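Dear colleague,

I am handing over the structure we spoke about, and below it you will find an account of what was found in it. Please read the account with the coordinates open beside it.

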Amino acid sequence: MIQAWLEGGKIQITQNNYESHKMPGSHEQSEKHRNAWKVAAPIPYSEEPQELCPCCLRSIKRRDIGFEEEDMALSFLGSGYPLYFNFIKCCLMIVGVMFLTSGQYNLVSNLISKDCDDLVVQVKHQHKMNITNEWNDPVINYCLNDPIAVSTMANKRFSETLNSMPKYFNLTSVIFILIIILFFRKSQMNLDNECDIKENTPSDYTILIKGLPQMEDPYKEVKEYFEQEWNVDIAAINLVYLADQLNDLERQKQQIVEEKRSILQKTESQDFDRVSQEFDVKIKLLHQQVIEKAKQIWKEPDQFTGQAFVSFKFEDQKQTILKQCDHRISQVLFNMIFGCIFYEQKELNFKGNNIKIEQAPEPLDVIWENIVHNESRRMWVRIMGFIFSQLMITIFFSILLYLAKIQAEQSNIRGELVEVDTGKEIVSVELPVPGQQKQTGAVVAALLTTFINSFVVDKLSVFLVNFESYETYSLFTVSLASKLSLMLFFNSAIITYIACSVYTRNIYGPGGLIYTQMYFFLTNAIIPPLLNLIDTNYIMKLASIWYIKKFKKVTSQSELNKLYEYPEHPIELKYADIMKTLFITFFYAPLIPAAYILGFIGLTLTFYSEKYVLLKRKTVKHTPSIQLSILMTEMIEYLPIIFAVGSCMFRYQIANLYSFLDIISVLLALVCSILPIQYFVELLFPVDQQDETTSFDQASVNFQTMYDKENPVTKYVTELLQQQEKQNNNNKQSFKSENDLSAVRKQGQKENFL
């Protein structure tokens, strides 16, 4: 059992003999590992010993978060999750306000109208108004007197009085949305600042430096530069190295572990220990090679990537450097154009070289295999990824559009031919038969769209974003959420609209657009939250554990730990699903006002199911930053545009009406989406940021992790240091010199854990 306690302001840890390749693994140990990673607040270290998980050195005993607790109770995960649940609440507010300002009038006016009552009357109105389409053919499109049709705009399409009022309500709604978004940005900034004050994390004291030149001793020169030129105290420096060779050795070790498991599964009980020990020797030898290779990489200057995480003794020292450095002009232009701040890079002169510095991400937010790439490589990879993604999206869009065309044509139910006297002439029209129409095609289309969006689009999006090689999980999540949101919107809304309005020209007739979308709103409000509660990944893990126990399958300790872990919470997919719901709701709400009600129900169920699942059956390994919330807020600003455009389109297409106020609504929403609102909010509502007064050494006692523990090179260097300290007892000698020992420790502040 591994224990940790606080002694003299430093954490002391008992000896750790954990072996990840041990077979068979201990189920009891894996249960402890699961508790170490569940979403629960860590208990601060004290003089009383606290049990740790030997594989990840995380405390096992934690305080469970109650379902009724405020979102700020999740601040130990960083600001990302309090911001996430606050984001859902804001979305609920926007949908509610939209329903009150325009949706309720449209719904009530639709229900009290009677334009779908008599089919013959509809024919006369159509010919009287001479409504035609771009092919100059009469639009033969009649609605049935059923609950779905009478709740849509189709039921009042002949009433010019009722259709003239929404233009005023729509403009008011756009203004209300923009005001809500403005104050929502303010609340997000305040919430992020509160989380930062409440929780101390390594990034509070750390900057990330890029573009350092090759040096004989990067640690020494970087330390001397900041201490002499800036008069600050360096608490830790963690250098980033190329780790491809380590990854190759790790894969070889994993292959031996796989071979060991396969052979032990077939080995008789009397030979089990002997065969296991033979493989253990091979694995330990290869692991020692990994450590020696890490030592070699650490010693070779040409393996240094020019990047370093520099932690200062106090947070105000970090802020001083960030504030006094020059902004990169390209970064400023990017932020002004897109109105979104990622890790804001600045320039600094380091011994005649221009280096880039930025606020460091959290240790668990770094994708170490991607951060080693230089900016030139990243640029070309992003360009290639963009081209490839556009190609895939085009192909995918074409396939879905073709499927939507087939489904729309099959759902476009034919009726009986009837002769109607319009007052001018007798015309033959094909009218649907009330009470005998089946909407099977529309239901199938809605279910198929939901399936594709839930299982196909997200996999494709993840593949494309992985290809772009982002250096942090926050940037990865930002890119994935934005791409996925737009793809889901196009697949669920635009493709269906094109298929119904162009191919079948059936908007509100039987099997038409209103039925497809109404069934989509119903399924989308219920199925995603329900699937979230069912959680198939969690069920599969339980089934695998049962299978291993039942049939006594041989698994390594690390594999068993992964099985016992709760599934990781995919916050980026959840953001994308919420944005998809909002986009589609606002696009079709002018046509189907009930979309507000179903969207509100869906978001409410999503909020409660998300909170329950996160607290009970999920783990969070990568802490999302405020950048994700800022981007999602930027995407909310598309809602007024989507709403205004949808209103103009459907009012003109169904009621043959358009207004100057509709154009003003579109232009107002468009201008506000282009302006850098985030900068205006920061100027209008400055946040009083309070720097941490606790020193780095004092705060590191309760850090969940550190850069050196996650860095693929320095974590092995530290392990080698621990081995040598164990062999030499208290005679601390490094593999280079005592100065090197001090350097390694200060790079990661490991001395607190030894």
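**The disulfide and other cysteines**

Cys143 has a relative accessible area of 0% and is therefore buried. Please keep in mind throughout that this is a predicted model. The partner of Cys143 is Cys116, and the disulfide that joins them has an S to S distance of 1.9 Å. The two cysteines come from distant parts of the chain, 27 residues apart, with Cys116 in the loop between helix 2 (80-112) and helix 3 (119-129), and Cys143 in the loop between helix 3 and helix 4 (147-150). Cys116 also counts as buried, because its relative accessibility is 1%. The torsion about the S-S bond of Cys116 and Cys143 is about -105 degrees, so this disulfide is left-handed.

How many disulfides does a search of the whole structure find? The search finds one, so it is worth saying where other cysteines stand: Cys91 is in no disulfide, and the nearest cysteine sulfur, which belongs to Cys90, is 5.7 Å away, whereas the cut-off for a disulfide is 2.5 Å. Cys91 is buried, with a relative accessible area of 1%, and Cys195, with 4%, is buried as well.

**The chain as a whole**

The protein chain has 754 residues, of which 55% count as buried, and its secondary structure comes to 29 helices and 13 strands. If one takes the contacts between residues at least 6 apart in sequence, 80% of them join residues at least 24 apart. One pair that is distant in sequence is Glu375 and Lys210, which are 165 residues apart along the chain but 9.4 Å apart in space, C-alpha to C-alpha. Glu375 lies in helix 13 (residues 375-411) and is partly exposed, with a relative accessible area of 32%.

**Nonpolar cores and aromatic rings**

The largest nonpolar core holds 83 residues, and those with the most contacts inside it are Phe586, Tyr588 and Leu591. Helix 2 gives the most to this core, contributing eleven residues. A second core, separate from this one, has 47 residues, among them Val290, Ala294, Ala308 and Tyr716. Which residues does Tyr588 touch, if those up to four places away in sequence are not counted? Its contacts are Ala493, Thr496, Tyr497, Leu513, Gln517, Phe521 and Phe650.

The count of aromatic pairs comes to 33. One aromatic cluster is formed by Phe67, Tyr81, Tyr84, Phe85, Phe87, Phe184, Tyr575, Phe607 and Tyr608. Phe67 has a charge over its ring too, since the charged end of Lys611 sits there, 5.9 Å from the ring centre. Lys282 lies over the face of Phe279, at 5.1 Å from the ring centre.

**Helix 23**

How far apart are the end C-alpha atoms of helix 23 (residues 638-655)? They are 25 Å apart, which agrees with the 26 Å that its 18 residues should span at 1.5 Å a residue. The buried residues of this helix are Leu639, Pro640, Ile641, Ile642, Phe643, Ala644, Gly646, Ser647, Phe650, Arg651, Ile654 and Ala655, and Phe650 is one of the residues that Tyr588 touches. Asn656, which follows helix 23, has a positive phi, near 60 degrees.

**Backbone details to check**

Two further residues that are not glycine have a positive phi, and they differ in their exposure.

- Asp535, with phi of about 55 degrees, is found in the loop between helix 17 (513-534) and helix 18 (536-551), and it is buried because its relative accessible area is 5%.
- Lys552, with phi near 55 degrees, lies in the loop between helix 18 and helix 19 (557-564), and it counts as exposed because its relative accessibility is 70%.

Finally, a cis peptide bond joins Met23 and Pro24, with omega about -10 degrees, and Pro24 is found in the loop between strand 2 (10-13) and helix 1 (27-37).

With best regards

Key:
Residues numbered from 1 in each chain as written. Predicted model: local features only at pLDDT ≥ 70, side-chain atom pairs only at ≥ 80, totals over all residues. Heavy atoms only, no water. Helix = DSSP H or I, 4+ residues; strand = E, 2+ residues; numbered from the N terminus. Expected span 1.5 Å × (residues − 1). Buried < 20%, exposed > 50% of the residue type's maximum accessible area, 1.4 Å probe, protein only. Phe/Tyr/Trp six-rings, centres within 6.5 Å; stacked < 30°, edge-to-face > 60°. Lys NZ or Arg CZ within 6 Å of the ring centre and 35° of its normal. Core = buried A, V, L, I, M, F, W, Y, C linked by side-chain atoms within 4.5 Å. Contact = heavy atoms within 4.5 Å.
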